[in-house]
Amino acid sequence: MNTIQSINKNRLISLFSHLVSIDSPSLGERNMCDEIIRRLEALAIPWEEDNTGEKIDGNAGNLYAYIEGTLNLPPLLFSAHMDTVEPSSGKKAVIASDGKITSAGNTVLGADDLSGVAAILEAITVLKESGLPHRPIELLFDVSEETYCTGIGQFDFSRLHSKEVYVLDLTGSIGSAAFQAPSILSFRAAFQGRSAHAGFSPEKGIHAIQAAARAVTLIECGHIDNTTVNIGTIQGGTADNIVPESCILTGEIRSFSDEAARSRLTLIQNIIEQSAEEAGAAVHFESQTLCLAYCTEQSQPVVERFVNTCTKLGLTPHLQQTYGGSDNNHFVHHGLQGLVIASGMNHCHSCQEYTNVNDLESAAKLTLALMLSKE
Ligand SMILES: [Zn+2]
């Protein structure tokens, strides 16, 4: 059987449309999880859902499944996240005559990441119905990826057998894959000044907003070498006639070098503390590691297989860096070699998000071919 012909395009598109019609916001993935479970059971694939939902206050856990191989080869893991960003309530797939698929305009489409979920589900359906020899396959459909991977952060990685993973969760043409992603650090600085009446006795106050503003003007933002810095929010003050007592500044740093990200963080903390001191204010600075940088070497089998498979299918492989974090940051730091691969999503995280019929089909073909690969 020709694997390229074995993806059922109509079935895939109706599957994708159906998945889109299911509300599945971060922490509210129950219905999506149940739908995937139903489909796994229809294919007699055993599954397990962990208790991540309870831990992160969501209503569903990470869904893991294992498909026995008929080839005596090491297993491969395929992963896609179940949640979608807002606005998502009542979303639906609108398919144009040219094959472009959009939302109705008032929500995201959710191709991020239902294109990945659909590709995996269609590929395993073909695996099961065709009887084609394949390696063992592990699947992981995780929750709350869009909230800085909090779902997969709770997953017990020791249950995985695979040493290699394909995360279907990238924009771009099918054949694109990210092999490198940054560390992402967030920071929060709470400036504490002193309130005073702005007219009667402003000199008695310590202006927390000015202290924070001083820091903002000194912190370099944007691209700095292989690092990016952003001040994302600033909040402070209560009324025009009060010298503001507090001001909270938040931001983030991304870098392909974890070390560079951390030294940039120290620099920013110093600027913030010095700015507070000069204004006579106090400041409480805290930071969080949201993702750890990784780089999957291009000589790794997970990359070579991807490139070879794309080439066989007539897709142009395109290996790239991404400034976005994904579940792959977690996989790599738990000892797997991984790529994030394009699954058919564009203009993600906006109501203009779209995909198209051909990309969904190509992504499913590629997923199937990877599952069938003998290298
Ligand atoms: Zn995504």
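This is a short walk through one protein chain, from its overall build down to a few single residues.

Hi everyone, and thanks for coming. Please keep in mind that what we have here is a predicted model. Let's begin with the whole chain. There are 375 residues, and 48% of them count as buried. The secondary structure comes to 10 helices and 17 strands. If you follow the C-alpha trace along its principal axes, it spans about 85 × 45 × 40 Å. Now take the contacts between residues with a separation of 6 or more: 77% of those join residues that are 24 or more positions apart.

A nice example involves the two ends of the numbering. Asparagine 10 sits in helix H2, which covers residues 9-20. Asparagine 10 and glutamate 361 are 351 residues apart in sequence, but their C-alpha atoms are 9.4 Å apart in space. Is asparagine 10 buried or exposed? Asparagine 10 counts as exposed, because it has 8 C-beta neighbours inside 10 Å.

Next, let's go inside. The largest nonpolar core has 104 residues, and Val117, Ala118, Ile120, Leu339 and Ile341 are those with the most contacts inside it. Which element gives the most to this core? That is H5, with 11 residues. And where does the core lie? Domain 1, made of 3-181 and 293-372, gives residues to this core, and so does domain 2, made of 183-291, so the core lies between the two domains. For a close look at one member, take isoleucine 120. Leaving out residues up to four places away in sequence, isoleucine 120 touches Phe78, Ala80, Leu139, Leu168 and Thr367.

Now let's turn to a sheet. Five strands form an open sheet in the order E10-E11-E12-E9-E13, with antiparallel pairing. Which strands stand at the edges? They are E10 and strand E13, residues 282-291; each has a single partner strand, so one side of each is left without a neighbour in the sheet. From one strand to the next, the twist averages 20°. As a reminder for newcomers, strands of a sheet pair through backbone hydrogen bonds, either parallel or antiparallel.

Within this sheet, look at strand E9, residues 183-192, and strand E12, residues 246-255. These two pair in the antiparallel sense over 10 bridges. One pair to find on your screen is alanine 190 and its bridge partner in E12, isoleucine 248.

From there we can move to E13, where valine 283 has its place. Valine 283 counts as buried, because 23 C-beta neighbours lie inside 10 Å. Its C-alpha atom is separated by 6.5 Å from that of alanine 189, although the two residues are 94 apart along the chain. Apart from residues up to four places away in sequence, valine 283 touches Ala189, Ala190, Phe191, Gln192, Ile272, Glu273 and Ala276.

What lies across this sheet? Helix H6, residues 208-218, lies across E9, E11 and E12, and runs at about 20° to E12. The buried residues of H6 are Ala208, Ile209, Ala211, Ala212 and Ala215. They cover an arc of only 160° around the axis, which means that they are on the same side of H6. These buried residues pack against E9, E11, E12 and helix H7, residues 258-279.

Before I finish, here are some backbone details to look up. Two peptide bonds to visit are cis. One joins glutamate 86 and proline 87, with omega about -5°. Proline 87 is found in the loop between strand E3 (76-81) and strand E4 (94-95). The other runs from aspartate 112 to aspartate 113, with omega near 15°. Aspartate 113 has its place in helix H5, residues 111-130, and H5 is the element that gives the most to the core we met earlier.

Then there are two positive phi values in residues other than glycine. Serine 144 has phi near 50°, and its place is in the loop between strand E6 (137-142) and strand E7 (164-170). Aspartate 225 has phi near 55°, and is found in the loop between strand E10 (222-224) and strand E11 (227-236). Which way does burial go for serine 144, buried or exposed? Serine 144 is buried, because 27 other C-beta atoms lie within 10 Å. Aspartate 225, on the other hand, counts as exposed, because it has 10 C-beta neighbours inside 10 Å.

That's my tour. Thanks for listening!

How values were computed:
Residues numbered from 1 in each chain as written. Predicted model: local features only at pLDDT ≥ 70, side-chain atom pairs only at ≥ 80, totals over all residues. Helix = DSSP H or I, 4+ residues; strand = E, 2+ residues; numbered from the N terminus. Buried ≥ 20, exposed ≤ 12 C-beta atoms within 10 Å, placed from the backbone. Pairing = 2+ DSSP bridges. Axes fitted to C-alpha atoms, helices over the stretch in contact; angles between N-to-C directions. Contact = placed C-beta atoms within 7 Å. Core = buried A, V, L, I, M, F, W, Y, C linked by C-beta atoms within 7 Å. Domains from an automatic or database assignment. Arc of directions from axis to C-beta.
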